[in-house]
Amino acid sequence: MASHIILPKEEEEEVEEGLGVAVEADHDSPEPPRYRHLQPAQKALPFSATCVRISRDSYPNLRALRNASATSLRDDDDAFAKLDEGDYGYVLDDVQHLTDYLPELPTFPNPLQDHPAYSTVKQYFVNADDTVPEKVVVQKNSPRGVHFRRAGPRQRVYFEPEDVKACIVTCGGLCPGLNTVIRELVCGLSHMYNVNDVFGIQNGYKGFYSSNYLPMTPKSVNDIHKRGGTVLGSSRGGHDTHKIVDNIQDRGINQVYIIGGDGTQKGAYEIFKEIRRRGLKVAVAGIPKTIDNDIAVIDKSFGFDTAVEEAQRAIDAAHVEASSAENGIGLVKLMGRYSGFIAMYATLASRDVDCCLIPESLFYLEGEGGLFEYIERRLKENNHMVIVVAEGAGQDLIAKSIPVADQLDASGNKLLLDVGLWLTHKIKDHCKSKKMEMTIKYIDPTYMIRAIPSNASDNVYCTLLAHSAIHGAMAGYSFTVGMVNGRHAYIPFHRVTSTRNKVKITDRMWARLLSSTNQPSFLSKEDIMEAREAERLANRLPVPAGSSEHTKKHSASVLSNGGK
Ligand SMILES: Nc1ncnc2c1ncn2[C@@H]1O[C@H](COP(=O)(O)OP(=O)(O)O)[C@@H](O)[C@H]1O
Ligand SMILES: O=P(O)(O)OC[C@H]1O[C@](O)(COP(=O)(O)O)[C@@H](O)[C@@H]1O
Ligand SMILES: [Mg+2]
């Protein structure tokens, strides 16, 4: 896979009058990276900002460096990174900072140092060099790997409180905890940094240029965390980078807090790039929201725990319905377009679920090891059963039986066909063909789950995320904030948008689920090998000793060495 990394001029003699060269590095190839001069548009960028601190001499390490990362940069010229190498394979995948393109900015003492509540905390400020490792399970000889900048308050900040004009926007689908994040941003800015000029953008990205900005105060947001939804409103679509940045510029906004999922974070990155291109002193802080828990790098997204908890109520209802009928089946559809985390965790928590179907694990209906065979067996054994299906599961099967053209929502997300309804009909038809008496009750609790306020633990998590975002923006960084291995970190935008977090069906968690439900895995031996190989390639791991692939490679290298 190729990615583009930009080197500073002084490290590349081949540059003529340009500011630098782009390096196209193919990590899977032993060939040295190819150099390309920057395109005119890229030359317009203040170069010191985007340089990757890798010298030409360290090229042998470049592959190792990129290999240390589980995800790669997007394969386009926009994907610039700030990578910093340390000893023993240490890599800092750093976030953008105002001084990358405005090097002369003054700094100010952090007002928290005089705050009665915070100044008593020993070592309240984080060390400027503190970083958080992406992977915490290591071996004796493994390189230290990729790290992210640790979140938290810094000794010096890049904004004076009275100069800050902040705005908050929520985009995409609802998720429990949105109001808590909004509340804590407004209160945190005011209570920690004495910032009182905070505005709410209404109804998502389009609100930047089509609605009034709502002034927000600690008083006006005091009890919003007890309500579901978002007091600001949200929407899909409407991301017009130029119009948005024009408005940010015209209104003198200098901190933008953007709460939303993968689509929203992509939009935040576009906004940041345009802000930087215009040389504006504006920090962009993304706070990832995804009820599906599918955002890469971070441990867990806010609202996920609340969603799993609320899903129990639907599963309980399905269980009551199923167990109160002869050959009763309760079918619950849970959220998860591409990732089945809610379905998997809700199943593991409930213990009443007999089968969980997720997008990551393909299933089939007919024949040996299929869903119908399992349903028949389970009804015979237990007289009732509960099935949980994630909304993105079985889309391939539905598309085969009901061919319809793909439809997209306003944000460009594919609209899914209703797997719950489809499965209900399929199961009914099958039982009818087998002359089996049965009852099936289908429950879709999606909007009931999304619309509730967050639970206690999500409330605390939302508060910490909001505070980390504020500290980062005040310190001049632009980033997506998130918890990585239990510590809050500032993550480059491209890292959270380039891949998706998915359930690994070769992991222990999925194995636990299979053993708890006793459902078929729907996988052949070849499927398992294929999934393991995909996993290995995605994580750039070596071929395991003893595997057939390893034996093949080993024999080939022995032969090429003349059998030595
Ligand atoms: N690639 C993209 N570039 C810029 N904006 C995007 C992109 N993808 C989505 N957006 C914007 O982000 C917002 C939310 O996206 P959406 O996919 O609906 O929800 P989520 O952020 O939860 O994934 C929408 O306003 C959409 O226009
Ligand atoms: O009906 P809507 O509002 O488009 O939302 C449905 C989608 O919203 C979600 O709950 C969350 O999606 P986003 O992360 O894109 O906001 C999905 O699980 C679901 O498919
Ligand atoms: Mg999304």
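Colleague: How many nonpolar, polar and charged residues does the shell around ligand 2 have?

Modeller: In this predicted model, the shell around ligand 2 divides by class into 3 nonpolar, 3 polar and 6 charged residues. Those who wish to find them in the structure above should look for G172, G173, R236, K289, I291, D292, M335, G336, R337, E391, Y447 and R450, which surround the ligand.

Colleague: Which residues have a polar atom close to an oxygen atom of ligand 2, and at what distances?

Modeller: A polar contact is read here as a pair of N or O atoms within 3.5 Å, and three such pairs can be described for ligand 2. A backbone N or O atom of G173 lies 2.7 Å from an oxygen atom of the ligand, while the side chain of R450 brings an N or O atom to 2.7 Å from a ligand oxygen, and a polar side-chain atom of R236 lies 3.1 Å from an oxygen atom of ligand 2. Taken alone, ligand 2 exposes 480 Å², of which the protein buries 83%.

Colleague: In which pocket does ligand 2 sit, and which pocket is the space taken by ligand 1?

Modeller: Ligand 2 sits in the second largest pocket, and the space taken by ligand 1 is likewise the second largest pocket. R236 is one of the residues that come nearest to ligand 1, and its side chain has an N or O atom 2.8 Å from an oxygen atom of that ligand.

Colleague: Which other residues should I inspect around ligand 1, and which helix gives the most to its shell?

Modeller: Of the 16 residues around ligand 1, those that come nearest are R236, G237, D262, T264 and S411. By class, its shell holds 2 nonpolar, 10 polar and 4 charged residues, and helix 7, which spans residues 262–277, gives the most to it, with 5 residues. The backbone takes part as well, with a polar atom of G261 at 2.9 Å from a ligand oxygen and one of G263 at 3.1 Å from an oxygen atom of ligand 1. Taken alone, ligand 1 exposes 560 Å², and the protein buries 82% of that.

Colleague: Turning to a single residue, is E184 buried or exposed?

Modeller: The cut-off for buried is under 20% relative accessible area, and E184 counts as buried because its value is 12%. E184 is found in helix 4, which covers residues 178–193, and its side chain is joined to that of R183 by a polar contact of 2.8 Å.

Notes: Residues numbered from 1 in each chain as written. Chains lettered and ligands numbered in written order. Predicted model: local features only at pLDDT ≥ 70, side-chain atom pairs only at ≥ 80, totals over all residues. Heavy atoms only, no water. Near = heavy atom within 4 Å. Polar contact = N/O pair within 3.5 Å; in protein donor to acceptor, adjacent residues only side chain to side chain. Areas by Shrake-Rupley, 256 points an atom, 1.4 Å probe, with all protein chains shown as cover. 1 Å grid on protein atoms, 1.4 Å probe; cavity = no way out; pocket = protein on both sides within 12 Å on 5 of 7 lines; lining within 4 Å. Sits in = over half its atoms within 2 Å of the grid points. Helix = DSSP H or I, 4+ residues; strand = E, 2+ residues; numbered from the N terminus. Nonpolar A, V, L, I, M, F, W, Y, C, P; charged D, E, K, R; others polar. Buried < 20%, exposed > 50% of the residue type's maximum accessible area, 1.4 Å probe, protein only.
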